[in-house]
Every structure is written in C-alpha cells, then in structure tokens.
Amino acid sequence: MTRALLSLGLLALASVALALALGSVTVSPADLWQVIQGEGSTLHRTLLLDLRLPRTLAAFGTGGLLAVAGALMQVLLRNPLADPYVLGLSGGAAVGALLAMLMGMGTLIISGSAFAGAMLATVLVFGLAHGTGSWTPSRLLLTGVVVAAGWGAVITLMLAITPSYKLPGMLYWLMGDVSYARSPWPAVVVLAVAVVLIMPLARNLNVLARGPMQAAALGVSVRPLEWTIYVLASLLTATAVTTAGSIGFVGLIVPHMLRLILGNDQRIILPASALAGGTLLVLADTLARTMIAPEQLPVGVITALLGVPTFLYLLHRSR
Amino acid sequence: MVSHWLNFRFALGFLVATLAYPTSASEMQRCAMDDTGKELCLSAPAQRVITLSPGATELMFAAGAGDRVMAVVNYSDYPPAALELPLIGSHTRVDMEALMALGPDLVVTWVTGNPPAQVELLDELGVPTFAIEPRTFAGVSSVIERLATLAGTEREGFAEAERFRIGIASLTERYVSVEPIPIFYQVWEKPLMTVNNEHLIGKVLQLCGGVNVFGDMQRLIPRISAEVVLQADPDAILTGSVDGVSDDQLDEWKKYAGLTAVEKNNLLFVPASPISRPTPRLLDAIQTVCEKLENARERL
C-alpha cells in the first residue's frame, strides 16, 4: 500500500515537472535545467519562477485540498454523492467574493471576503443542524443542501444586478480559475498540515465509515470526531475556494476513483487523495493554458473532461 | 505665481538633469497620468507595446504609435493593420506567458475590463502598465495625447487629438439647435439593456439632439423591462449592429404597432464598433447617428 502512495507521489512530481515544462512559450529542457540551477535568461526565469511555478503549486494545493475535503465529507455524511460543496460552503464563499467584486475591492479583499463567506456558511449550517439538539448526518446534509440553495439564489440575484462589465470576472470566479490565484502558499501549507494532522484519525474514520453505532461500540467518541471532520473539511474547502474559486468535480470524483483502485482504507485514501487531487488539477490546468493558447480555458472544463472518462472506465472495470 | 514657481522648478530640474546627464535629451523621463490616477514615467519612448483591449489598440494607432504595438487581444479589428498582429488571449483572460515572452516596455490595460489579478501580477513583475478608459469626448483626446507622450510620437498624436477635438466642436455646433427627439438606445436585447446620459453612447445621442428616455437612470448600463419602453414611447429606437446593417435585434418591438417608433418606421441601426469604443471613430459614429436622427425627425 505504501507502494501505491509512492507511485502517486512520483506521478505528482511528474505532473509538476510537465506543468513547468509546458506553456504557450516553449522553454527547452536545457533552458529549464539552467533555471533550476539558478541561471538562465531573465525571461526564462520569469516564465518559470514567477508564472508557472506559483500557478502549478496553487493548482496542486487546491486540487489536493478539494480531494481530501471530499473524502472527509463522504465519510462524514456516509453518502457517495457528498462533495466539499454539498453543504453550501462554496455558495457562501461565492457570495463573499462576488460582494467584494461588486464593491470594486482589490484581490486581497476578494480572497478575504470569500474565506469569510465560507466560514459563515460553515457556522450557519452547524448552528442550524445543531439547533434542537438531535443531530444526524442526514439532518446535516439536508440543512446544508437547503442553505446551499439559498446561497445559489443570492448569487443569481447578485449576477442579475451587477454592471455587465463586472460579469466576466464573476463568472470566471464561479467556474474556478487557477490563473487568478495570487499566492500558492496558503493552499500548499494548509494541505500539508491537514494531511499530517488527519493521519492519526484515519483509523477511527475507517470505523466511522461503517456506521456510528459500530464506531461507538468500538470505543470511538462519534460526535466529537464528526465535528472535527466537519470543521477540518470546511477549513480545507475554504482555503481551496479562496485560492482558485469554486472548482468543481475534483472533490467528488478523486476519492471515488481512489477507492475503486485502492479500497476503502482512509489511512491510504486521505494521503492518496491529496496527491491524486493535486496531480489531476495540475494536469488539467496545464492543458487549460496550452490547449488553445493564447486563448486560456477555465480549468474546471478540463478537470471534468479528463476525469469523467477515467472514472467511468474505472467503474466499468471494477464490476 | 504658481506658474512662475513651476517654471522655476522646471528650469532648475532641467539644469540639474543637464548637469547630471550630459546627453539628457534622450534620457528625460516621459510621464503621464493614467485613468486611475497613477502616474507612469518611462525613461525612453515605449517601443514594445501590448494593448489589452480593442479600444486601446485603436488609440495607440490614433496616437501615431501603431508600429510600436507588438501584440493585441481578441476583437482588435481596427485599424486593419491591427488584424495582422499576434494575439495574446482575450481581455478577460490574458496569456501571461505569451505576454512576458514578448518583453513589452508598456502594457496598455483597460480599467474595468481586465482581471485585476492579472494587472497586479504585471505590476509585480515590473512591467510598466497604463490603465485607460475614457468616459468623455475630452477624455478621448487626452488619452491619445498621453499615449503619444509615452510612445514619443507627440507630433502625430497631438495632431490627431486636436483633429478629434475640432471635429467634436464642429459637430456640436452643427447640431446644437436641432429639434430634440425622444429616443431609446438598445444596448442588448435579452436582457434588455440601455445606457444613461453619463455613458459615452449617451453623450453621442445628446450631441445629436436625441433625448435619451432613460438618460437619468442611476446606472451606466441599466437593465430595464419592455414595459417602461412602451410607457416612455420614444420616437425612435436605436441599436448597434455589424456595420450598421439592419438585423433582427429590434424585431421584438414590431409586435407593438402602437409604438411611435414602430409606426413611423423609426427602428434604426448604427455601426456598433465605432459607437461603442472611445476612439476617434466616434466622429463617424456621431455623424451617422445625427443623420439617422435627422431622417427620423422627418418621418414623424
């Protein structure tokens, strides 16, 4: 099983190398090597170190965060359709981001506002689902889905009253776009810290996935564990959405893909999700910025185009 | 007093510059204020310019610096020479690699049209950017002069700006006493959108004696319902189309035979690109709109 993680790690490195090597401007391997050694022309250094590297890291971090958050949500809600956004977190973030854009704020405030929106959505769903005391995953799911619909309505309202010149920026945010990511570090650091923190919990998550009764019988304190997962998944998703907008699909499909190949052991699935989610988004973003260059595609299009056939193939093979 | 002080300061600065750099003429800074109020100073005339909006492309050519433009974004279709230039994406999504690879010494951006994150990235990478978006006729001539200053093509640029200024003045004079005619300008069909008097299109309409029935609305490009158009019952309805050729954009109104504009056959088309871009071609747009409105008045 560590072999699986090792090969995923190598795959991740390969995808990052590919992303650095490819772009609308051709940089030869020799030039690439020079830049890695700290030499090379100013242009090549700018292309690789200022444009491609931050963007690739941001893509990797975002993809990894979404996949891990998705895996956590699927365990928490015991529902295969759960993804990081199912409880309305991306909706809250979108309302925050769009509000800041509507008021003509700078990129930093847009990010901050998106994060605040995501946190507000989390607290709102937590409070509402918790309200009367009795609490079940299905109650959390229902609350989340309804609140998400509410955010959706607010987003539509905002799009309807926004001056038309601001619409493209807003739509691209909603589609998810790594090209607007400013700094990759929040995503990468949060991902690394989260994976380290979560590994000790993985064994308990395996038990929880079999049902709360069994988990309780086996001595897992279910309620605190569930809330920990919820808060953690929310933080991961909020960081991802703040970095690159609401990129869909990765959080839903990557954990399922990995379960089809590796089996449902969270000790493997969680770190594997981080690596595979990152790899998928890096590859998708590389295609998005090179396929019809100089035109640039939104990365979400490519994630789905790459992911759907791969997933269907795996599903077909597993029968 | 102030001007004396400025003269003195200028003279002193010039003296210092001359003393410090014996070959100062070519090393004098060329400075201009962009439309966000940021001042940009270049140590040499811009030679490698990239424009991030179709309007900016047109204005660079108008400033006499068309030969300095190395790359443009989608829809840069005027003047024809712009069609030959390489593309670096669209105004909402710029291919930053392609841009950096060209090594520009000036990037002309669009205040509300380009993604702020990409413009900020250009600033961080040390690429000089100049944001433009003229909202008035005076703004058009001024931006031509400012771009000419940065490119060192003052002679052509200032002449073109003056030609535009004189053109506007003579058109204004010619149409100042025409009879006002209530009109509705349709920017987009679904959803129905128009412009207010602050919009450059609104200013063109006013110059021609058109009274924009939605001119007082708060937003620059308000979204409205068909009902308020019926209620306002304008004498003419205008919209922009490719080359001003009639198409199906105004067909919806023909359902309402009681509308004055329909009854009097005053559904009018003007070329979309000259009227929507803040460039010297506005003169052509004004000419066309004024003539169309003249004809419309006669049909009333």
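# A walk through chain B and its contact with chain A

Let us start in a loop: Pro79(B) sits between strand 4 and strand 5 (89-90) of chain B. The model is a predicted one, and in it Pro79(B) is joined to Tyr78(B) by a cis peptide bond, with omega about -10 degrees. The loop between strand 4 and strand 5 of chain B also holds Tyr75(B), whose phi is near 70 degrees, a positive value in a residue other than glycine. Both features are worth a look, because most residues other than glycine have a negative phi, and most peptide bonds are trans. Is Tyr75(B) buried or exposed? With 16 other C-beta atoms within 10 Å, Tyr75(B) counts as partly exposed.

Now step back to take in the whole chain. Chain B has 300 residues, of which 41% count as buried, and its secondary structure comes to twelve helices and twelve strands. Along the principal axes, its C-alpha atoms fill a box of roughly 75 × 50 × 35 Å. If we take the contacts in chain B between residues at least 6 apart in sequence, 58% of them join residues at least 24 apart.

Strand 4, which precedes our opening loop, belongs to a sheet. This is an open sheet of four strands in chain B, with the order 4-3-7-8 and parallel pairing. Strand 4 (69-71) and strand 8 (129-132) of chain B stand at its edges with a single partner strand each, so one side of each has no neighbour in the sheet. On average, and ignoring direction, neighbouring strands here are turned by 35 degrees against each other. Two bridges pair strand 3 (residues 49-51) of chain B with strand 4 of chain B in the parallel sense, and Ile50(B) has Ala71(B), in strand 4 of chain B, as its bridge partner. Helix 3 of chain B packs on this sheet, where it touches strand 3, strand 4, strand 7 (106-110) and strand 8 of chain B. The direction of helix 3 makes about 140 degrees with that of strand 3 of chain B.

The next level up is the domain. Chain B is assigned two of them, domain 1 (31-165) and domain 2 (178-299), and their centres, taken over C-alpha atoms, are separated by 30 Å. Where they meet, domain 1 of chain B contributes 14 residues and domain 2 of chain B contributes nine. Which elements give two or more residues to the domain 1 side of chain B that touches domain 2? They are helix 3 (54-62), helix 6 (137-151) and helix 7 (154-175) of chain B. Helix 3 of chain B, already met on the sheet, has the largest share of that side, with five residues. By class, this side of domain 1 of chain B has eight nonpolar, three polar and three charged residues.

In domain 2, helix 8 is a good place to pause. Six of the eight residues of helix 8 (residues 200-207) of chain B are buried, so this helix is largely enclosed by the rest of the structure. The buried ones are Leu200(B), Ile201(B), Gly202(B), Val204(B), Leu205(B) and Leu207(B). Their cover includes helix 7, strand 9 (181-186), strand 10 (210-212), helix 11 (272-276) and helix 12 (282-299) of chain B. After helix 8 of chain B comes Gly209(B), with a positive phi near 85 degrees.

Strand 12 (residues 267-271) of chain B tells a similar story: four of its five residues are buried, so strand 12 too is largely enclosed by the rest of the structure. Strand 11 (residues 236-241) of chain B runs parallel to strand 12 of chain B, joined by five bridges, and Ile237(B) has Leu267(B) as its bridge partner in strand 12. By contrast, Asn265(B), in the loop between helix 10 (260-263) and strand 12 of chain B, is exposed, with 11 other C-beta atoms within 10 Å. The phi of Asn265(B) is positive, near 60 degrees.

Finally, bring in the partner chain. Here 23 residues of chain A are in contact with 24 residues of chain B. On the chain A side, helix 3 (42-77) and helix 7 (167-175) of chain A each give two or more residues, and helix 3 of chain A gives the most, with five. That side divides into eleven nonpolar, nine polar and three charged residues.

The largest nonpolar core has 169 residues, and those with the most contacts inside it are Val68(A), Met60(B), Leu147(B) and Val204(B). Helix 3 of chain A gives the most to this core, with 18 residues, while domain 1 and domain 2 of chain B each supply at least three.

Conventions:
Residues are numbered from 1 along each chain as its sequence is written. Chains are lettered from A and ligands numbered from 1 in the order in which they are written. This is a predicted model: local features need pLDDT of at least 70, side-chain atom pairs count only at pLDDT 80 or more; totals for chains, interfaces and linings use all residues. Domain bounds come from an automatic or database domain assignment. Two residues are in contact if their C-beta atoms, placed from the backbone, lie within 7 Å. Ala, Val, Leu, Ile, Met, Phe, Trp, Tyr, Cys and Pro count as nonpolar, Asp, Glu, Lys and Arg as charged, and the others, Gly among them, as polar. A residue is buried if 20 or more other C-beta atoms lie within 10 Å of its own, exposed if 12 or fewer, and partly exposed in between; C-beta atoms are placed from the backbone. Two strands pair if DSSP finds at least two bridges between them. A nonpolar core is a set of buried Ala, Val, Leu, Ile, Met, Phe, Trp, Tyr and Cys residues joined through C-beta atoms within 7 Å. Axes are lines fitted to C-alpha atoms, for helices over the stretch in contact, and angles run from 0 to 180 degrees between N-to-C directions.
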